[in-house]
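Thanks for coming, everyone; I would like to walk you through one model this morning, going from local strand pairing out to the overall dimensions. Please keep the structure open while I talk.

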Amino acid sequence: MKKALRFLAEIFGFEKLSKYERDYLHDANIRSCSYMGFIVVLIEIWMLVRQTYSKIIPKYQAGGDLRTLFIQYTSKYWLFLLIGLGLMLFCLFYQREARLSKGRFFALLLTGTACMLYTSVLNLESFTKTSETITPAMAAIMNTMLVSVYVFLFVIGAVIDAYVLIKYLKNRNIVLLEHLVIVAFTLVCLAFGIFVSYSDFWGGKEIICFLTMVIYVGGLLIYRPYITLLILGTSFWGFYHILLTYQGGLSFRKQEIVISGVTRLITSGDTVNYITFFISLATICFAIYHGRLKEARKSKELEKNAKQDQLTGLYNYSYFSERAAAAIRNLTGNYGENVLLFMDVHNFKAFNDQRGFEAGDRFLVAFGGYIADSFGDSLYGRQGDDHFVVLTKTEGLRKKLEELNSLVHDYDEEILMGINCGAYHMSGNNEDPRMAVDRARYAAHLISNRFQTVYIEYDKTMSEAYHKRLYIINNIDNAVKNGWIVPFYQPTVWSDTKEVCSCEALARWMDPVYGQLFPNEFIPVLEEYRLIHKLDRAIFEFACRDLREAMDAGKPVVPISLNFSRLDFELMDAVMELDELAAKYRIDREMIHVEVTESALTDNASKLNHEINRLKELGYSLWLDDFGSGYSSLNVLKDYQFDVIKIDMRFLSNLENSEKAKTLLDCIIQLANRIDMLTLTEGVETGEQADYLRRIGCDRLQGYLFSKPVPKEVLYERVDSGELVMSDRR
C-alpha cells in the first residue's frame, strides 16, 4: 500500500524535490517562456501588419477616424505584443547569480514600465459591445477576459520592474517574482485563448485559439503534475461550461442557436473529443515533467561530479578556484583580512606506507571533515593528495588552526602527524586564486619538515623567491631555445696520476634578467613542476655537440658523464633520446657515462631497472651517483649493473678528525672492488684527502682541488697550458 501511494505521489508530483531539481525545472520554464514570448511577438507583429493593410487603411481611405480605427482594430494586438516582449526580454536577460548589466537593466525597466503604462490608457472603445449578433452574455464574457488580460499585463510590468530594480541594486535573486511573471503569463495565455475562441465560436469558427493556448501552457510551461492537472482541468472545464451555459441562459444541449445562418451546438462526439484532447495533453505534460526531472537528476549528478572531490565530498580544486575567483571579485574594504590558505599534512606519506592506502583515504575524509567543521562559514576544497585550500577571514584563524592541528595530531597514537599551513593575504579584488594558492603553497613548503611550526605567511622575501621560481617555470623553453642554458664541465681525475679521465657536464643558466642562476635555484623547481627533462635533454645535446667539435678540432678528449633525473625516464624516452643524439653527433657510446642518483632508484624500481638495462645493453657506462647521501641500500648494488660508485662528498666532511668516516670510506671502496665496481669520490678539496683516498684504493677523484665546473673554453685553456692533462686511459 505504501509503495502504491509513493508511486502515485511520484506520478502526480507530490514528492519532495531538492533545491537543485526545483531550480532546474524553474530554469526550464524560463527558457520555455522566452520561446513563447518570441512566438507571441512574431504573431502580434504579423497581426498588426495584417490589420493595418486589411482594415485600417481601407476604412481610413473611406473616411474613417484614424484614432478610432487604431483602437478598434489594433489595441488588443499591441496589448499582447507588449506582454510577449516583456516576457521574452525578461527570460533572455534572466541571470540567477549575476548582476544585470546596465543595458539589460534599462531595457527591462522600460519594457516593464511600458506594460504598466499601456494599461493606464485602457479605452472603452476596445471593449465588446452588445449588438444584434453579440448577446449580453457573450459581451460580458469577452470583456471579463479582456479586463483580466489588462490586469495581468499590469502585474507582469510591475513584477519585471520590481525584479530588475532589486536585482540590479542589491544583486538578489527573488524567485517569487520570477514565478509571478510566469504565472501571470500563463493566465494571460489562457484568458487570451478563451477570449478569442469564445468569439470565434459565436462566429461559427472552431476553438483553435483556446486549444493552441492550452498547448502552450501545458506543453511548454511544466509545473508539478498535480498543478498542471489543476490548471488544465480548470481551463477545460471552465471553457466548456462557458460554451454550454452562461448565467443560466444558454444550453446547447437544449436548443439550437442560429447566428449568421450557422447553427451551433455541441454534440456528444465533440464532447468526447474535447475530453480526449484534455487527457492527451495532460498525459504529455506528465511525461515532459518526469523527463525533465530525470534530466535534472542526471544533470545534478554530473554537476556534482564536476564540482565535488570524489573522496572527501569537498569542492574539487577546479570548482573551488571558480568560486574563489567570484568571491574575491566581490571583496571590499580591507582586503588583507581575507586570506587564502594552503594546507597539507606532516608525515602523511609515512601514515600511508604504514597503514595502507585505504586507511590513508579514511584519514583524508576525516581531515576534510575537520576543515569543514573549522571553516564552515568559509570556502574550502581539496586540491589533491593531502593538499587542501581555504579562503577565509583572518579573525580567529590561529585558534582554528591550532584546534585543527590537535585533531590531526590525535588521529593516530603511533604516527606523528600535524598540519602544515601557508597563508597568502589578498591585496585586492583582482587576485587570481590559483596564483594565490601557489604563493601559499610556496610558503607552506618552507616549513614542510618543521613539526613545531603550523603556520607561515607569505611575505616580501618569499615573494622575490617566488617570482624567480615562476620565472624559471615560465622561461625554461626560452632558456633552451635562446642558449641561456649552457654546460659547465668539472673534470674527474685518476687518483694515481691526477690526469683527467672524464668530465661531468653540469647545467648553468645565464639569464638576461637574473644573471647566472645556479643549479640549486632552478633544478629543484624544474623537478617539482616536472620540467626537468627539458633541461636535461638540452645538456645532453650540448655535451654531445661540444665533444664532436673538440674531436673535429683535433683536441684531446675524455668521456663525458651526464646526470639523469628519475623524471627523465617518466617524461621522455631518455634512452632513445640519448642514443639518437650520440648517433646524430657520431659519438661512440663508450664516450658517454650515465649518472643516476641512488635516491632515484627507490621509486618505480621495475621501470628504472628496465631502462638502466637498456643503457647497459647499448654499451653506455653506468654510474651510481651520490652513494651514501641519504638512505643507502646494498640491494641497489645487488640489483643494478653499475660500473662506478660515486661516493657522496659528505663523507669527506671533517675526514681528518673522524676515524669512523675513514673506516666507512675504506669499507665502501673495498666492497666496490670485491664486486668489480670502480669508485669515485666527489668533493675532494685538500691534498690530504686526495692522498688518503688514493691509499685506500679509490680509483677516481673529483673536487675543487682539481677544478671547479668551468665553461669548455676555460677547460681547454687549462689543457693547453698544461695545468690539466687529458688521460688516454679509459
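**Strand pairing, salt bridges and overall shape**

Let me begin at a single pair of residues: Ile645 has Thr679 as its bridge partner in S16. Before I go further, this is a predicted model, in which local features need pLDDT of at least 70 and side-chain atom pairs count only at pLDDT 80 or more, while totals for chains, interfaces and linings use all residues. Residues are numbered from 1 along each chain as its sequence is written, and side-chain values use heavy atoms, with hydrogens and water left out.

On terms, helices (H or I, at least four residues) and strands (E, at least two) are DSSP runs numbered from the N terminus, and two strands pair if DSSP finds at least two bridges between them. Strand S15 (residues 644-647) and S16 run parallel and are joined by four bridges. On S16 there is also a parallel pairing with strand S17 (residues 700-702), over three bridges, and there Glu682 stands opposite Gln702 in S17. Strand S16 (residues 678-682) is mostly covered, in that four of its five residues are buried, where buried means under 20% relative accessible area, exposed means over 50%, and partly exposed lies in between (1.4 Å probe, protein chains only).

Strand S12 (residues 560-564) can be described in a similar way: four of its five residues are buried. It pairs in the parallel sense with strand S10 (residues 500-511) over two bridges, and Glu504 has Ser561 in S12 as its bridge partner. Five bridges join S12 to strand S13 (residues 592-597), again running parallel, with Asn563 opposite Glu595 in S13.

Now to an open sheet, which has six strands in the order S3-S5-S6-S4-S7-S8 and mixed pairing. Its edge strands, each pairing on one side only, are strand S3 (315-316) and strand S8 (455-457). Within that sheet, strand S4 (residues 338-346) and strand S7 (residues 418-425) pair in the antiparallel sense over eight bridges, and Phe342 stands opposite Gly422 in S7. Helix H12 (residues 357-374) packs on the sheet, touching S4, strand S5 (379-384), strand S6 (387-393) and S7, and its direction makes about 5° with that of S6. Contact here means heavy atoms within 4.5 Å, and axes are lines fitted to C-alpha atoms, for helices over the stretch in contact, with angles running from 0 to 180 degrees between N-to-C directions.

What about charged pairs? The structure holds 25 salt bridges, each being a side-chain nitrogen of Lys or Arg within 4 Å of a carboxyl oxygen of Asp or Glu. In one of them, Asp23 pairs with Lys19, the closest N and O atoms being 2.8 Å apart; both residues lie in helix H2 (residues 19-61), four residues apart, about one turn of the helix. An α-helix has 3.6 residues a turn, so residues three or four places apart point the same way. Asp23 counts as buried because its relative accessibility is 17%, whereas Lys19, at 54%, counts as exposed.

A second salt bridge joins Arg355 and Asp412, with the closest N and O atoms 2.9 Å apart. Because Arg355 lies in helix H11 (residues 348-355) and Asp412 in the loop between helix H13 (397-409) and S7, the pair ties together parts that are 57 residues apart in sequence. Arg355 is partly exposed at 32% relative accessibility, while Asp412 is buried at 11%.

A third joins Glu541 and Lys584, with the closest N and O atoms 2.8 Å apart. Glu541 lies in helix H17 (residues 532-552) and Lys584 in helix H19 (residues 574-584), so this pair ties together parts that are 43 residues apart in sequence. Salt bridges that share partners join Arg537, Glu541, Glu577 and Lys584 into one network.

Finally, the whole protein, with its 24 helices and 17 strands. Its radius of gyration is 42 Å, whereas a compact globule of 730 residues would have one near 27 Å; the radius is taken over C-alpha atoms, and the globule rule is 2.2 Å times the number of residues to the power 0.38. The C-alpha atoms fill a box of roughly 130 × 65 × 50 Å along the principal axes, and buried residues make up 49% of the 730 residues.
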